[in-house]
Amino acid sequence: MREKILAVIEKNSRIDLAQLAALLGEEEAAVANAIADMEKENIICGYHTMINWENTSDEKVVALIEVKVTPQRGVGYDKIAERIYHHSEVSSVYLMSSGTYDFTVIIEGKTLREVAQFVNEELATINSVVSTSTHFILKKYKEHGTVMCEKPEDERMLISL
Amino acid sequence: MRNPLSDTITAIPPSGIRKFIDIGSEMKDTISLGVGEPDFDTPWHVREEGIFSLEKGQTFYTSNAGLKELKVEICKYLERRFHVSYDYKDECMVTVGGSEAIDIALRAMLNPGDEVLIPQPSYVSYPPCTILAGGVPVSIQLEEEDQFRLTKEKLLAAITPKTKVLILPFPNNPTGSIMELEDLKEIAEVVEEYDLFVISDEIYSELTYTGDHVTIASLPGMKERTVLINGFSKSYAMTGWRLGYACAPAIILQQMLKIHQFAIMCAPTTSQYAAVEALKNGDEDVIEMRAAYDERRKYLVKAFNEIGMDCYEPQGAFYVFPCIKRFGMSSDEFALKLLEEEKVAVVPGTAFGDCGEGYLRVSYAYSLKNLQRAMERIERFAKRHLGEKE
């Protein structure tokens with residue numbers, strides 16, 4: 001049942017319990033328990049809203065930064081990552097298998113300058129960081145399996161047999 | 001001037017849903033639960049294969065029966081999924097949708113006056129195609145108390161010395177009913193005893209929710225008597241590609257192919273290349289879509305029962321078939337009022353045969369969000385009209 005619950009709420013975390021139970025053909029109480037357990041076990045880590053900021057009047061700049069580091073004795077990758085992800089500007093940090101860099105860091109800022117400043121002053125100055133390469137994201141087409149651009153109308157006929 | 005028309009075709013009544021389409025499309029904000037096609041797009045890898053075939057310039061006729069590669073894949077698929085084996089060389093042909101296959105199967109098998117047994121409610125094309133092929137349609141009225149399955153008793157009661165063909169439209173549009181192995185065994189006995197033939201329209205075979213579909217052709221002695229019809233429209237969300245197929249004993253298929261050759265030439269080439277990809281690499285897509293339909297099915301059955309519209313649990317296709325007899329209105333009236341008052345379009349059960357009276361066909365080939373919005377409106381409607389009556 002866990003997999004089934006996750007498959008549904010991964011796409012729609014706001015579905016109410018009664019409906020979720022109906023979709024899965026399970027008892028509401030059982031579904032509620034399973035969700036509570038998964039929250040405890042850190043399988044479900046949060047419920048977020050996917051926002052297309054381009055359609056708001058807010059300015060937002062997102063950058064993807066490749067970070068190369070030298071892991072030092074006693075300080076593995078995890079420790080360095082920690083120093084990076086604690087910054088509130090950082091929205092994602094991934095350790096990569098690439099030969100040319102180690103972390104992918106995704107940063108959100110209000111302006112280009114703000115992001116540049118963060119990279120220069122906060123990221124590049126971390127001891128183990130050898131180099132950074134910053135890529136600004138120009139447009140988001142699809143995120144979390146959802147296409148961000150406008151959805152086409154239902155082109156099917158009103159009624160067909 | 002003489003009457004330019006054939007008496008046969010003018011005697012066939014037009015489909016009764018036209019007025020719903022006309023009214024519905026004039027109204028803004030109509031929510032439709034009226035379609036008989038998937039809401040999913042054709043899987044991208046399948047579309048890409050179609051595009052690629054155009055880029056390569058594969059724009060010519062294929063052989064009449066269809067691409068060899070596609071026929072091979074169809075036979076492999078039927079073996080893998082439904083445990084029935086056909087020889088791609090002379091027992092399989094590709095058609096323009098399942099609907100062409102229905103037409104040419106009837107034309108290949110009927111002599112004037114032969115009776116065709118048509119369980120109803122069911123898809124609308126069987127009676128007119130029977131008439132156009134010179135046959136006589138005979139309706140078998142299925143009932144909710146049998147879960148809209150065809151029973152041995154009902155079949156026996158309809159057989160006359162003129163009966164030649166039985167249509168088996170399962171999983172069923174519009175009722176969502178299915179036939180399980182035990183049901184089919186009983187039917188097969190009768191078919192054999194009375195020396196009948198079966199046209200088994202299995203276009204919804206991938207959309208069953210309580211176990212795998214069983215084809216009557218896989219029962220002993222039945223392959224010799226069955227024209228199996230299937231296609232890509234429902235299982236792979238490929239309605240607009242117009243692609244189906246028929247598998248049958250060579251003696252029948254040969255004659256069907258003759259009609260197809262003269263009337264059609266061959267099914268669309270681009271669609272055939274795309275379909276090869278669907279059969280080779282599309283199993284996962286089917287599983288995903290089936291899971292989505294199943295969620296909606298469970299939601300709708302519960303939602304209808306909760307608002308006092310009795311709805312038996314359909315086990316196949318993508319329709320629920322709620323009963324509206326409590327409302328004291330005909331299906332037509334109910335559907336029309338629902339459209340006018342709440343702007344929700346559904347199809348009256350009578351569109352699928354007189355015995356659909358008292359029911360509505362509600363399609364769940366829509367997003368859950370859409371279904372929820374529609375159910376809010378239907379609930380409002382039901383409360384108002386039940387209140388009036390009770």
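**Exercise 1. Find where B:Phe148 sits, then work out what is unusual about its backbone.**

Step 1: B:Phe148 is in the loop between β4 and α7 (152–158) of chain B. Keep in mind that we're working with a predicted model.

Step 2: Now check the backbone. Phi of B:Phe148 is near 55 degrees, which is a positive value in a residue other than glycine.

**Exercise 2. Track down a cis peptide bond on the N-terminal side of B:Pro121 and another at B:Pro174, and place both prolines.**

Step 1: Start with B:Pro121. A cis peptide bond links B:Gln120 to B:Pro121, with omega about 5 degrees. B:Pro121 belongs to the loop between β3 (115–120) and α6 (126–132) of chain B.

Step 2: Go on to B:Pro174. Here the cis bond joins B:Asn173 and B:Pro174, and omega is about 20 degrees. You'll find B:Pro174 in the loop between β5 (163–168) and α8 (181–193) of chain B.

**Exercise 3. Lay out the 7-stranded open sheet of chain B and say which helix packs on it.**

Step 1: Read off the order. The strands run β2-β8-β7-β6-β5-β3-β4 in chain B, and the pairing is mixed.

Step 2: Look at the ends. β2 (92–95) and β4 (136–141) of chain B are the edge strands, each pairing on one side only.

Step 3: Get the twist. On average, neighbouring strands in this sheet are turned by 20 degrees against each other, direction ignored.

Step 4: Zoom in on one pair. β7 (residues 226–231) and β8 (residues 244–247) of chain B pair in the antiparallel sense over 4 bridges. B:Gly231, for one, has B:Gly244 in β8(B) as its bridge partner.

Step 5: Add the helix. α9 (residues 250–263) of chain B packs on the sheet and touches β2, β7 and β8 of chain B. The direction of α9 makes about 25 degrees with that of β2(B).

**Exercise 4. Do the same for the 3-stranded open sheet of chain B.**

Step 1: The order is β9-β12-β11 in chain B, with antiparallel pairing.

Step 2: The edges are β9 (319–320) and β11 (347–348) of chain B, and each of them pairs on one side only.

Step 3: β9(B) pairs with β12 (residues 360–363) of chain B in the antiparallel sense, over 2 bridges. Within β12(B), B:Ser363 is the residue opposite B:Tyr319.

**Exercise 5. Describe the interface of chain B and chain A: its extent, its polar links and its make-up.**

Step 1: Count the residues. On the chain B side 33 residues are in contact with 14 residues of chain A.

Step 2: Take the area. About 1800 Å² is buried between chain B and chain A, and carbon and sulfur atoms give 64% of it.

Step 3: Check the polar links. The rule finds 0 salt bridges across this interface, but it does find 10 residue pairs in polar contact, both residues being at pLDDT 80 or more.

Step 4: See which elements of chain B take part. Those giving two or more residues to the side that touches chain A are α2 (18–26), α11 (283–306) and α13 (368–389) of chain B. α11(B) gives the most, with 5 residues.

Step 5: Sort by class. That side of chain B has 17 nonpolar, 9 polar and 7 charged residues.

**Exercise 6. Count the salt bridges over all chains, then explain what the one between A:Lys60 and A:Glu108 ties together.**

Step 1: Over all chains, the structure holds 29 salt bridges.

Step 2: One of them pairs A:Lys60 with A:Glu108, whose closest N and O atoms are 3.3 Å apart.

Step 3: Place both partners. A:Lys60 lies in the loop between α3 (28–40) and β1 (61–69) of chain A, while A:Glu108 is in strand β3 (residues 103–109) of chain A, so this pair ties together parts that are 48 residues apart in sequence.

Definitions and conventions: Residues are numbered from 1 along each chain as its sequence is written. Chains are lettered from A and ligands numbered from 1 in the order in which they are written. This is a predicted model: local features need pLDDT of at least 70, side-chain atom pairs count only at pLDDT 80 or more; totals for chains, interfaces and linings use all residues. Side-chain values use heavy atoms; hydrogens and water are left out. Contact means heavy atoms within 4.5 Å. Buried area is the accessible area (1.4 Å probe) that two parts lose on being put together, summed over both. A salt bridge is a side-chain nitrogen of Lys or Arg within 4 Å of a carboxyl oxygen of Asp or Glu. A polar contact is a pair of N or O atoms within 3.5 Å; within protein, one must be able to donate a hydrogen and the other to accept it, and residues adjacent in sequence count only if both atoms are side-chain atoms. Ala, Val, Leu, Ile, Met, Phe, Trp, Tyr, Cys and Pro count as nonpolar, Asp, Glu, Lys and Arg as charged, and the others, Gly among them, as polar. Two strands pair if DSSP finds at least two bridges between them. Axes are lines fitted to C-alpha atoms, for helices over the stretch in contact, and angles run from 0 to 180 degrees between N-to-C directions.
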